[in-house]
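Student: I've just opened this model and would like to go through it piece by piece. Can we begin with the vocabulary?

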Amino acid sequence: MKKLTLEKILQSQGFGTKKSCRYMVLDGLVEVAGAVVDDVKAEFDPAGLNFKVDGEPWQYREHVYLALNKPTGVECSRRPAVHRGVLSLLPDQFTARDVQPVGRLDHDTTGLLLLSDDGNFIHTQSHPKRHVPKTYVATTQDPVTPELVAQLSSGVQLNDEPAPLAAQARQLESHQVEITIDMGKYHQVKRMLAAAGHHCVALRRTAIGGLTLEALELAEGDWCYLDAEQLAKL
Ligand code: URA
């Protein structure tokens with residue numbers, strides 16, 4: 001990649017304006033390869049560059065692809081109205097570089113949420129024609145019955161849909177059913193359960209495509225970068 005000054009590299013990574021990034025360099029807050037670099041003219045190849053800001057390690061990334069284990073009580077919208085926003089769970093740098101959730105989970109839905117600052121990735125992942133399967137574990141108020149599983153599998157009619165929507169469904173526990181859908185209609189899982197006569201009391205997304213929350217080993221509220229191998233599972 002073309003060599004860049006540290007202020008440009010820092011700015012591209014969401015550390016602030018060009019001017020504030022320049023001061024971070026001048027103030028000796030930035031280290032490369034274990035040594036402070038306070039020369040604002042020094043240039044580095046950004047590709048894969050490891051650096052520290054105020055002692056915290058970072059790696060240059062043209063785009064970031066993140067997975068978050070979303071807790072309940074967190075809104076995915078950019079301007080959260082009632083609950084805290086999902087971006088508040090990430091370092092400020094990510095907000096500055098316009099990281100956004102890929103699709104949305106309800107404020108009370110937990111589990112796997114992808115976020116990125118790559119507009120093409122967000123667009124292709126959330127495009128309705130892509131049909132990426134998304135798996136949820138729903139906890140129901142009443143016991144799960146074979147009829148519920150059969151109804152979800154054969155299709156339930158939602159009032160604003162032209163045709164019944166079907167899901168892959170299997171019972172996990174007495175009050176838990178795993179549901180996989182390949183569309184992302186508004187409140188789809190909760191509404192499918194309601195249409196089948198069941199109230200959903202908790203909902204957790206456990207997988208997107210072949211990427212599972214279990215494999216990521218993220219505690220609630222934690223996030224991680226996704227590598228190429230993990231992204232290929234989506
Ligand atoms: N379906 C829902 O009902 N809610 C979600 O958050 C995701 C899928």
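Tutor: A polar contact is a pair of N or O atoms within 3.5 Å; within protein, one must be able to donate a hydrogen and the other to accept it, and residues adjacent in sequence count only if both atoms are side-chain atoms. The model is predicted, so to speak of local features takes pLDDT of at least 70 and side-chain atom pairs 80 or more, while totals for chains, interfaces and linings use all residues. Residues are numbered from 1 along each chain, and side-chain values use heavy atoms, with hydrogens and water left out.

Student: Okay, ligand time. How far is the backbone N or O atom of His 187 from the ligand's oxygen atom?

Tutor: His 187 is among the residues around the ligand (a heavy atom within 4 Å), and that list also includes Leu 105, Asp 106, Thr 109 and Tyr 136. For His 187, the partner on the ligand is an oxygen atom, and the separation from a backbone N or O atom is 3.2 Å.

Student: Which residue has a polar backbone atom 3.1 Å from a nitrogen atom of the ligand?

Tutor: Gln 188, Val 189, Lys 190 and Leu 203 are also on the list around the ligand. Lys 190 puts a polar backbone atom 3.0 Å from a ligand oxygen. The ligand nitrogen, at 3.1 Å from a polar backbone atom, is paired with Val 189.

Student: Moving to α5, which residues there are buried?

Tutor: Helices (H or I, at least four residues) and strands (E, at least two) are DSSP runs, numbered from the N terminus. Buried is under 20% relative accessible area, exposed over 50%, partly exposed in between (1.4 Å probe, protein chains only). Helix α5 covers residues 146–154, and its buried residues are Leu 148, Val 149 and Leu 152.

Student: Why do those buried residues line one face of α5?

Tutor: An α-helix makes a turn every 3.6 residues, so positions three or four apart point the same way. Take the directions from the helix axis to the C-beta atoms. Seen down the axis of α5, the buried residues line one face because they fall within an arc of 100°.

Student: And which exposed residues sit on the face of α5 turned away from the buried side?

Tutor: The buried side has its cover, which includes β13 (168–173), β14 (176–181) and α6 (188–195). Just after the helix, Gly 155 takes a positive phi of about 120°. The face turned away carries Pro 146, Glu 147 and Ser 154.

Student: Gly 197 and His 198 are in the loop between α6 and β15. Is His 198 buried or exposed?

Tutor: Gly 197 is exposed, with a relative accessible area of 58%. His 198, leaving aside neighbours within four places in sequence, is in contact (heavy atoms within 4.5 Å) with Thr 140, Asp 142, Pro 143, Thr 145, Leu 148 and Leu 193. Leu 148 is also one of the buried residues of α5. At 11% relative accessibility, His 198 counts as buried.

Student: How many bridges join β12 and β15?

Tutor: Strands pair if DSSP finds at least two bridges between them. β12 (residues 134–140) is mostly covered, with 6 of its 7 residues buried. On β14 the pairing is antiparallel over 6 bridges, with Tyr 136 partnered by Ile 179. With β15, where Val 137 has Arg 204 as partner, β12 pairs in the antiparallel sense and the bridge count is 7.

Student: Now the open sheet of 4 strands: which are the edge strands?

Tutor: The order is β3-β2-β5-β6, with antiparallel pairing. An edge strand pairs on one side only, and that fits β3 (35–36) and β6 (56–59).

Student: Which β5 residue is the bridge partner of Glu 31?

Tutor: β2 (residues 30–32) and β5 (residues 50–53) pair antiparallel over 3 bridges. Val 32 has Phe 51 as its partner. Phe 51 and Val 53 point to one face and are buried, while Asn 50 and Lys 52 point to the other and are not. For Glu 31, the partner is Lys 52.

Student: Last one: which residue in the β5–β6 turn has a positive phi?

Tutor: β5 and β6 run antiparallel over 4 bridges, and Lys 52 stands opposite Pro 57. The hairpin has 2 residues between its strands, and the positive phi, about 55°, belongs to Asp 54.

Methods
Contact means heavy atoms within 4.5 Å. A residue is near a molecule or strand if one of its heavy atoms lies within 4 Å of it.
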